[in-house]
Amino acid sequence: MSAAAAIPRSARRRGPLGVLARNRVAQCGAFILVSTLLLIAGIVLFSPYDPNDKDYMAILQPPSLEHPFGTDSFGQDVLTRVAHGARISLLVSVGGLVLGGLAGTVLGMTAGYRGGWLDAVITRIVELLYSFPTYVLALCLMLLLGYGASSVALAIGLVYVPNFARLARSMTAQAKAENYVTAARLMGQSAPRILAREILPNIAAPLLVQFSAGLGFGIIMEAGLSFVGLGVQPPTPSLGVMMADGKDYFQNGPWVLTLTGLSVAWIILGLNLLGDGLRDALDPRLRDR
Amino acid sequence: MTGLALEIRGLDLMLDPLGRRLHVVRSLDLELRRGEVLGLIGESGSGKTMTGLSLLRLEPEGARLTAEIMRAGEADLLQSEEAELRALRGRAVGMIFQDPVGAFNPAKRIAWHARQVLVRRGIADWRPAAERLLAEVDIADTARVLGAYPHQLSGGMLQRTLIALVLAANPAVVVADEPTTNLDNIVEQQILRLFRRLRQTEDAAFLFITHDMTVAASLCDRIAVMYAGEVVEIGTTAQLFEDPLHPYTAALIATARALEGEAERLPELPGEPPSIAEPRTGCAFASRCARRLEGCTLAPVPMIPLEGGRRVRCLLHG
Amino acid sequence: MRVLTWLLLRAGSAAFMLLLGSLVVFLLMHAVPGDAALAALGDQASPDAIADFRRLHHLDDPLAMQFLAWLRGALRGDLGTSISLAGGFSTASLIAGSLPNTLFIGAYALLLALAISITAGSIAASRHGRVEDVLATSGAIVTISMPDFWLGYVLVLLFSLELGWFPAYGFTRPGESFLGALHSGFLPALAIAVPMAGIFSRMLRATLLETFRRAYVTSARVMGFGRAFVFWHYVFRNALIPYVTAIGLQARYLLGGVVVVERVFGVPGIGSVMVDGAFARDISVVQGCAVVFLLIVILVNLLVDLLCGLLDPRTAA
Amino acid sequence: MAEAPLVDVQDVSVRFRRRRSGLGGLFGPPPSFRAVAGATLTVARREVVGLVGESGSGKTTLGRTILRLVEPSEGAILFQGEPITHLRERALRRIWGRMALVFQDPLSSLNPRHSIGAALAAPLALSGTPKSEQQDRVAAALQRVRLPREAAERFPHELSGGQLQRAALARALMRDPVFIVADEAVSKLDVSVRSQILNLFKDIQQELETSFLFITHDLHVARFLCDRVAVMFFGRIVEVAPAAELFRTPRHPYTRALLATLDEAGERAGQRSAVDQEAPGCIYRAQCPRRIGRCDEAHPPTLMTAPGHALACHNPG
């Protein structure tokens, strides 16, 4: 019976790891991220300077071999501070995105699957959150919670809740109308099981892309909030704090602000490239072109 | 002057998606006389749509198209200049699609579409001409249709309109790619009836692409059967239905007959059409063929000319 | 008639959103730690003065009453009094003075971003896969990776400190001199516009490419229509609705960017007012600004909806 | 005494509310329409009933309503004598164990992230079947639809159209249903594969004595597979008869028009025009060549004209 002939296995791997194996853009982004993270770790562990070591003999020195990114107005090594700052900024951003991503996904999936009044209520809340300019929402929350790294993370999370909720809701509603979900219902699976087992694996990829793009914006937000002085507070060396500091002597030592910002842009570029590569490879409409 | 509306010799089309080379149309020969309807029959992935797009030189980007001859009327379709090809599209070869709704610009009214086509043909006073064209395809309330947006018309109505617009440019060949597949049974019959009438009144030759044997039988003078990128058999409709030579053609016709009759069980063709990506040495149909010979899998099977203009790609008839 | 009904419904829903948003902001601000009376009168204030202050500002009323009172005031254009500025400036006058500057910078940035993105996105899509596309795409991803306020300083370094073309700091109000505002507002607007343009042109490119794949585009090419004709009438026209929708969704990022960039260039806009208010823990100012920002975004979305309705024949007919 | 029907559909109507969105949805089409209007149909044990009609006739909706994926707005549905018309999803899960659905597009009905084996084993895992037994039963199910054992390890995108429909059928059979709705289950398949699947359906039906509701637009397919055939037009069942009889002596004018499409020389059927569902009168009268005065007054009642032959027509042929 030739209907029972062997079925060839598809050679292409799916999922994020498979994408990484064949998408150049994603590889490029991953390379930037991994190498930069290693560099940051190396500097944090092995730098001869402490981020808060003040050297009044070497104030505002332009970049040199000794201080590749120069020194700031306290004579602190900018590169070391950037590495420590990047660590803090990344932690804040990741923390915020994890919070916002989890809350948004849960809200969105619930709304999309349940529909009805619950959907209407959640959609309204999400729409409302989405109608506040990013920094405005964050500012209000910072006032409430007090300044500091954890508050910034919470603010980033809150800003990102609607993004995840909207995405998760529309994709869940779409998936719910798909035949495979109907089939699962007819097979007797319960709603939570269908959400977790049938729908989540199918909508995880775009959420992941959103997460990676959101990380970049989270870093910008942390920097922005700290920059105007309403975010992470000195002496904690976050990237935003350093940039705020750098702007005060921008004319005398432009490298502090410029190079710190460049480092921020570099990390975000890595995140964006990774996210782009993932999206291109995972979006079936853009695949096979 | 050959008197042929369309002549294709040795057409090959190679696609290159993501670096995988796909040979989707293989050494294809076709010819259409003026006023003739040729049915191009095949299953999904058999290369029939790609053949149609090749005639308009709208093969996908990055594809490699080669042929010895490809002419529509007086026009040489093997041009490489995009501007020259553009001048040929619509005039030498026109095309009608499976989904009539998708064939219209959703942001513009039908009148806009008609005006673009007619003004391009040099008819400044386009409106009466448009009304005449629509009347020719049995549309009664032309004013309403012209004033409507595509989404306000039914599929059958849009398909009629598209046929009228395509014929307006007097093309030598009209490629109709499954033009009735998306329509309901009764509307489908109406459109087929329209085609049967048009082939008598229009100069154009029709290349009618379909997967449905019955539809092809009801409309076409001759039929070409495609399988896995190759034409495996070509002949008049009567020849094919009375005496199919290629085992694949025979199986298709037997299935259609069994369904129309009151059979208890349908004749089965084992297996499934091969993937176009698979490498092959001999006949693409060999693995499913009950009358396979030793030589079938050894070397590519050539097209064998028979009497009465028939051709078949099968060693049983060599 | 239909349009009017639709508008009324849509406006009603927007008003509801604004009301809900105001309530949320009110509650948030109310929960901010610290005593408004102490903040206003200082630590040395006598208990009697504090009690007077609380009575005067209805701070001891139930929350719902306080919100209703605030709402009544807001509807009359009274958003309370700033406690941080000497002389008891009204919050409404602070906002009224600064809002035009913010709107000017925002609209300026939006126009720049639109101009850049329509050019870049169109070129990238119509030259898909070629050098122009690669350049535009990489340019876009680089620009969206840059923090806008930092870009502001880089622009200052380049165009003010090096070339001296634009002022590094300060802003001429559009009411005083429109040309001056265009000149002095260029760098802040550009700093906001460049990353925005990156986002916009990526979106435009994606929707254009998707539209290119539509059957009606093939159908137009089959009719032998010219490349430019097909691009404008078939592709671009039909990509407009998703593009405009996508732009509407960016309003909160654009205005968010304004808040920070105003600080960089010293633009006396509502973003600066809000940040100053936050520093001073001036609740009435922060609250007023937040609600006004919310109002702007809601209005922008209303406008986008209306525009999409007009662009779509399915609704316009 | 005849056996009670397995599925008993009594005068079922399904109303859909149209979604209102944007500017257009507001006053365009009526806010609700009846996808199914007063449908009465039974399926006996071991019986295969065909449901034929054109797109938009409501045949898919009726099929889904019988499975209670859609809740009817009027009428009653009995399954094995038990009313299931308004059961909640929790209670339906018990009923669904005895029912199954086979879709038109098998690829969309299988979760792309699950292997065929996992998809087939899912209902077994739910009912607590031990792992080893699960594997055996999956293998048996694959064998029944003539798929090789290794298909269990493949993912949907690795299978061809015919193999996918086999896998989908295997999954539908996992819980030993007594009733299967097959919605255009062969219409997307290639011609050379379709006969395999049609034969397979016939074999499975005879082997397992399952009842089928076979929804199709293809009259040949209906005649090949079905014992009885119901014809739907615009939400109404206009004629039900044993298959052979329906094809030999169709009585409703619409059935006749439909059958006329089978042979080329068929009589001319009118253009399909919009139908006002709410107006009194027969739903088919606008196109009907046999229209008489009464047709404008009321939709004809469904009457039994011969044993097993139901008809809704004032002036049957």
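## Interfaces in a predicted four-chain model

Domain 1 and domain 2 of chain B bury about 1,300 Å² between them, with 57% of that area on carbon and sulfur atoms. Within domain 1 of chain B, the residues that lose the most area to domain 2 of chain B are B:Arg91, B:Leu194 and B:Glu202, which together account for 35% of what that side buries. The model is a predicted one, and the description below follows this domain contact before turning to two contacts between chains.

### Between the domains of chain B

The domain assignment divides chain B into domain 1, made of 6-92 + 173-271, and domain 2, covering 100-170. Their contact draws on 17 residues from domain 1 of chain B and 13 residues from domain 2 of chain B, while the C-alpha centres of the two domains are 25 Å apart. One salt bridge is counted between domain 1 and domain 2 of chain B, and five residue pairs are in polar contact across the interface, with both residues at pLDDT 80 or more. On the side of domain 1 of chain B that touches domain 2 of chain B, helix H2 (82-88) and helix H7 (185-201) of chain B are the elements that give two or more residues; the largest share, seven residues, comes from H7(B). By class, this side of domain 1 of chain B consists of 10 nonpolar, two polar and five charged residues. A salt bridge joins the side chains of B:Asp138 and B:Arg197, at 3.0 Å from N to O.

### Between the chains

The buried areas of the three contacts are set out here.

| Contact | Buried area | Share on carbon and sulfur atoms |
|---|---|---|
| Domain 1 and domain 2 of chain B | about 1,300 Å² | 57% |
| Chain C and chain A | about 4,500 Å² | 73% |
| Chain D and chain B | about 2,800 Å² | 45% |

Chain C places 51 residues in contact with 50 residues of chain A. In chain C, the residues that lose the most area to chain A are C:Trp150, C:Tyr153 and C:Arg252, together 17% of what that side buries. One salt bridge is found across the interface of chain C and chain A; C:Arg202 forms a salt bridge with A:Asp276, with the closest N and O atoms 2.7 Å apart. The elements that give two or more residues to the side of chain C that touches chain A include helix H1 (2-30), helix H9 (186-212) and helix H14 (283-311) of chain C, and the residues of this side divide into 37 nonpolar, seven polar and seven charged.

For chain D and chain B, 34 residues of chain D are in contact with 31 residues of chain B. The count between these chains is 20 residue pairs in polar contact, both at pLDDT 80 or more, and there are two salt bridges across the interface of chain D and chain B. B:Arg265 forms a salt bridge with D:Asp203, the closest N and O atoms being 2.7 Å apart. Among the elements that each supply at least two residues to the side of chain D that touches chain B are helix H6 (161-173) and helix H10 (253-260) of chain D, whereas the largest share, nine residues, comes from H7(D). That side of chain D has 10 nonpolar, 15 polar and nine charged residues.

### Confidence in chain A

Chain A has an average pLDDT of 84, and 90% of its residues score at least 70. Over residues 284-289 of chain A, however, the pLDDT is below 50, although the stretch has 14 contacts in the model beyond near neighbours in sequence. Where pLDDT is low, predicted coordinates should not be read in detail.

Notes. Residues are numbered from 1 along each chain as its sequence is written. Chains are lettered from A and ligands numbered from 1 in the order in which they are written. Side-chain values use heavy atoms; hydrogens and water are left out. Domain bounds come from an automatic or database domain assignment. Contact means heavy atoms within 4.5 Å. Buried area is the accessible area (1.4 Å probe) that two parts lose on being put together, summed over both. A salt bridge is a side-chain nitrogen of Lys or Arg within 4 Å of a carboxyl oxygen of Asp or Glu. A polar contact is a pair of N or O atoms within 3.5 Å; within protein, one must be able to donate a hydrogen and the other to accept it, and residues adjacent in sequence count only if both atoms are side-chain atoms. Helices (H or I, at least four residues) and strands (E, at least two) are DSSP runs, numbered from the N terminus. Ala, Val, Leu, Ile, Met, Phe, Trp, Tyr, Cys and Pro count as nonpolar, Asp, Glu, Lys and Arg as charged, and the others, Gly among them, as polar. pLDDT is the predictor's confidence in each residue, from 0 to 100.
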